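Please look at the sequence and the model below before reading on. The text after them goes from the overall fold to single residues.

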Amino acid sequence: MADELFIAKQMYEISLADAYSQSLNSFENFFSHCVHATNEKYFSNFYAIFEDKKLISFLNMNIIMNEAEMDYLFVSNDYRRQGLSNLLLSIFEYSNKYIGNHQVSKIILEVGENNTPALSFYLKTGFIKISVRKKYYKNMENAFVMEKNL
């Protein structure tokens, strides 16, 4: 349980400083649930990369029926442009196809319209824009809703 709290605390601290965290309330809720629950329920679709016990990258997916909603994909500034986002996304797709109990047919996500590096990454990895959410982020920026069929 201590490891789960350690991870959740790092995720929460990361989200506090991130203009693109979709909702601070969702991370407060996530963090408080981690205090009271086992990791199976809250980390079943969580993938992380650590260096010396420091969380440097993570992907959190929420599975609903045959769709995966990407809640958060994070890479620490010092580790960007090294393929970690692609690695985490590939691990999720591989585990869904060959290992997991879920038969996810698509991934849906939101990305800030001015978040050029993330937008470029998602387009390069096969996501397409399907709609816009107005004033979606806490900085009032619009978000593109994107999806990728698996």
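The paragraphs below take up the fold, the nonpolar cores, the aromatic pairs, the polar and charged contacts, and two backbone angles.

The structure is a predicted model. Its protein chain holds 5 helices and 6 strands. Read from the N terminus, the order of these elements is α-α-α-β-β-β-α-β-α-β-β. The chain has 150 residues, and 44% of them count as buried. If one takes the contacts between residues at least 6 apart in sequence, 55% join residues at least 24 apart. The chain exposes about 8800 Å², of which carbon and sulfur atoms supply 51%.

The interior comes next. In soluble globular proteins, nonpolar side chains tend to be buried together. Here the largest nonpolar core has 26 residues, and the members that touch the most others are Met-70, Phe-92 and Tyr-122. At least two residues of this core come from each of strand 1, strand 2, strand 3, helix 4, strand 4, helix 5 (116-124) and strand 6. Met-70 shows how such contacts reach across the chain. Leaving aside residues up to four places away in sequence, Met-70 touches Leu-59, Asn-60, Met-61, Leu-89, Ile-107, Ile-108, Leu-109, Tyr-122 and Phe-127. Another core, of 5 residues, lies apart from the largest one; among its members are Phe-46, Leu-55, Phe-58 and Phe-74.

Some of these residues also take part in ring pairs. The model has 7 aromatic pairs. In one of them, Phe-46 and Phe-58 have ring centres 5.9 Å apart and planes at 35°; pairing requires centres within 6.5 Å, and an angle neither under 30 degrees nor over 60 is classed as tilted, so this pair is tilted. Phe-46 belongs to strand 1 (residues 46-51) and Phe-58 to strand 2 (residues 54-64), and the two are 12 residues apart. Are these two rings buried or exposed? The cut-off for buried is under 20% relative accessible area. Phe-46, at 12% relative accessibility, is therefore buried, and Phe-58, at 0%, is buried as well.

Phe-58 has a further partner in Phe-74, in a tilted pair with 5.6 Å centre to centre and 35° between the planes. This pair links strand 2 with strand 3 (residues 67-75), its residues being 16 apart. Both Phe-58 and Phe-74 are buried. With Tyr-72 added, Phe-46, Phe-58 and Phe-74 make up one aromatic cluster.

Charged side chains supply two more contacts. Glu-110 is part of strand 4 (residues 106-112). Its relative accessible area is 13%, so Glu-110 counts as buried. The side chain of Glu-110 is joined to that of Arg-133 by a polar contact of 3.1 Å. Elsewhere, Lys-129 has its charged end over the ring of Phe-144, 4.3 Å from the ring centre.

Two backbone angles remain. Most residues other than glycine have a negative phi. Which residue in the loop between strand 3 and helix 4 (84-99) has a positive phi? Arg-81 does, with a phi of about 65°, and Arg-81 lies in that loop. At 86% relative accessibility, Arg-81 is exposed, because exposed means over 50%. Met-140 also has a positive phi, of about 70°, although it is not a glycine. Met-140 is located in the loop between strand 5 (128-133) and strand 6 (143-149).

Terms used. Residues are numbered from 1 along each chain as its sequence is written. This is a predicted model: local features need pLDDT of at least 70, side-chain atom pairs count only at pLDDT 80 or more; totals for chains, interfaces and linings use all residues. Side-chain values use heavy atoms; hydrogens and water are left out. Rings of Phe, Tyr and Trp (its six-membered ring) pair if their centres lie within 6.5 Å; planes under 30 degrees apart count as stacked, over 60 as edge-to-face and the rest as tilted. Helices (H or I, at least four residues) and strands (E, at least two) are DSSP runs, numbered from the N terminus. Buried means under 20% relative accessible area, exposed over 50%, partly exposed in between (1.4 Å probe, protein chains only). A charge sits over a ring if NZ of Lys or CZ of Arg is within 6 Å of the ring centre and within 35 degrees of the ring normal. A polar contact is a pair of N or O atoms within 3.5 Å; within protein, one must be able to donate a hydrogen and the other to accept it, and residues adjacent in sequence count only if both atoms are side-chain atoms. Contact means heavy atoms within 4.5 Å. Accessible areas come from the Shrake-Rupley method with a 1.4 Å probe; for residues, only the protein chains shown count as cover. A nonpolar core is a set of buried Ala, Val, Leu, Ile, Met, Phe, Trp, Tyr and Cys residues joined through side-chain atoms within 4.5 Å.
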